[in-house]
Amino acid sequence: MRRIALLTSGGDAPGMNAAIRGVVRCGNYLHMEVYGIERGYDGLIKGNLKRMDSRSVSDIIQKGGTILKTARCPEFNEEKGIRAGAEVLKAYGIEGLVVIGGDGSFRGMSDLNKLCGIPSVGIPGTIDNDLAYTDYTLGFDTAVNTVVDAINKLRDTMTSHDRACIIEVMGRKCGDIALFSGVAGGAESIVVPEHEYNIDIICDKMRKNAIKGKVSDIIVLAEGVCSCDELKKEIESRINIVVRTVKLGYIQRGGSPTVGDRIFAARCADLAVNLLAGDIQDSRVVGISGGKMVSLNVDEALAMKNEFDEKLYSIAGKLAF
Ligand code: ADP
Ligand code: F6P
């Protein structure tokens, strides 16, 4: 392939810029022309493309967000929108596409390939870590580090004031951000969508800790279970401990990517460009499984069921005992 394009789509994630840089530079290294599409599928339909050379991605490896900007584009859920996007790619002579995003973005990429035959490669860019075929998604490591930093700071204040704190984190329907940050931040309870929570167990643990002299429990709550305010009400109606709530929100999506995310971005970009250079015909996704970089057909990848890390969840229970 001589000419490829790339876009970022769905929620932004730290490391997307490192992946953009990787795709542009690995593509240029193989003498490919690389075009950046602004604002995801929306920019594709509108023809917002620009040629990117190695210098155009200078000084972005350390930056959060995405210099290509991102968007959610409902038109791309319809055949008309997909065909409009394909026409733009054809007009620019684009032979292959790299999509950096989550499962929704991958579905768009797959539909584009099925309807119009454009080969594509997806790089898993989402803080949620909710894609079954890959052990990690780009941005997850940074997001978890951001949450742990917040837990450390909140613990200082909660300990000083003898208060408990519920920290609500993102993850859509996946409890990984809550689980990993909860374990790394030493949370007393972790509430995830993969397990029905038992308010009596949470309160019992808080009561026992209070008897031992500790009333500054940290509870990490994944979004999608209930709101932190609802959980606070439930707890305060059962025990006499002051509970504060913090919803971390978009803070988890921004920030400079960790070393882990930057290295993963580099590996994904290199593999994605090599697949396109090898003239694949289908739509594929890249990721990491068991420590090794992998690529597989996007539909096979999306059909896989995400498995929650039950082992780590049970370790979390022991550590908070
Ligand atoms: P993410 O990629 O982070 O999961 P979304 O689910 O919001 O984010 O999807 C991002 C974009 O991908 C959507 O706004 C839409 O343009 C496109 N998309 C999502 N689902 C589909 C689908 N089933 N078919 C075609 N395009 C889709
Ligand atoms: O997919 C990333 C994510 O931040 C999820 O964790 C969250 O549920 C969602 O996006 C929020 O979406 P929006 O950007 O539309 O508020």
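**Two pockets and a sheet**

Modeller: Helix H7 gives the most to the lining of the second largest pocket, with 6 residues. The model is predicted.

Colleague: What makes a residue part of the lining of a pocket?

Modeller: A lining residue has an atom within 4 Å of a point of the pocket. For the second largest pocket, 22 residues pass that test, and Glu188, Ser189, Ile201, Lys205 and Gly317 are the closest to its centre.

Colleague: Which elements supply at least two residues each of that lining?

Modeller: Strand E7 (189–191), helix H7 (199–211) and helix H11 (310–319) each do so.

Colleague: How do the residues of the lining of the second largest pocket divide into nonpolar, polar and charged?

Modeller: They divide into 11 nonpolar, 5 polar and 6 charged. Gly counts as polar, so Gly317, one of the residues closest to the centre, is counted as polar here.

Colleague: How much space lies in the second largest pocket, and how much in the largest pocket?

Modeller: About 470 Å³ lies in the second largest pocket, and about 590 Å³ in the largest pocket. The largest pocket is lined by 29 residues, of which Gly10, Gly11, Arg72, Gly104 and Arg172 are the closest to its centre. Its lining holds 8 nonpolar, 11 polar and 10 charged residues.

Colleague: How do you know that domain 1 and domain 2 both line the largest pocket?

Modeller: The lining draws at least three residues from each of domain 1 (3–139 + 257–303) and domain 2 (142–254). Helix H4 provides the largest share, 6 residues.

Colleague: Where does helix H4 pack?

Modeller: Before that, the sheet itself: 7 strands form an open sheet in the order E3-E2-E1-E4-E5-E10-E11, with mixed pairing.

Colleague: Why are E3 and E11 called edge strands?

Modeller: Because strand E3 (49–52) and strand E11 (292–297) each pair on one side only. The twist averages 25 degrees from one strand to the next. Helix H4 (residues 103–116) packs on this sheet, touching strand E4 (96–101), strand E5 (120–124) and strand E10 (283–289).

Colleague: What angle does the direction of H4 make with that of E5?

Modeller: About 175 degrees. Angles run from 0 to 180 degrees between N-to-C directions, so this value lies close to the upper end of the scale.

Colleague: How do you know that E2 and E3 count as a pair?

Modeller: Two strands pair if there are at least two bridges between them. Strand E2 (residues 33–37) and E3 have 4 bridges, so they count as a pair, in the antiparallel sense. Ile37 stands opposite Leu49 in E3.

Methods. Residues are numbered from 1 along each chain as its sequence is written. Chains are lettered from A and ligands numbered from 1 in the order in which they are written. This is a predicted model: local features need pLDDT of at least 70, side-chain atom pairs count only at pLDDT 80 or more; totals for chains, interfaces and linings use all residues. Side-chain values use heavy atoms; hydrogens and water are left out. Contact means heavy atoms within 4.5 Å. On a 1 Å grid over the protein atoms alone, a cavity is a set of points where a 1.4 Å probe fits but cannot get out, and a pocket is an open set with protein on both sides within 12 Å along at least five of seven lines; lining residues have an atom within 4 Å of a point. Grid points are joined across faces, edges and corners, and a volume is the space filled by probe spheres set on the points. Domain bounds come from an automatic or database domain assignment.
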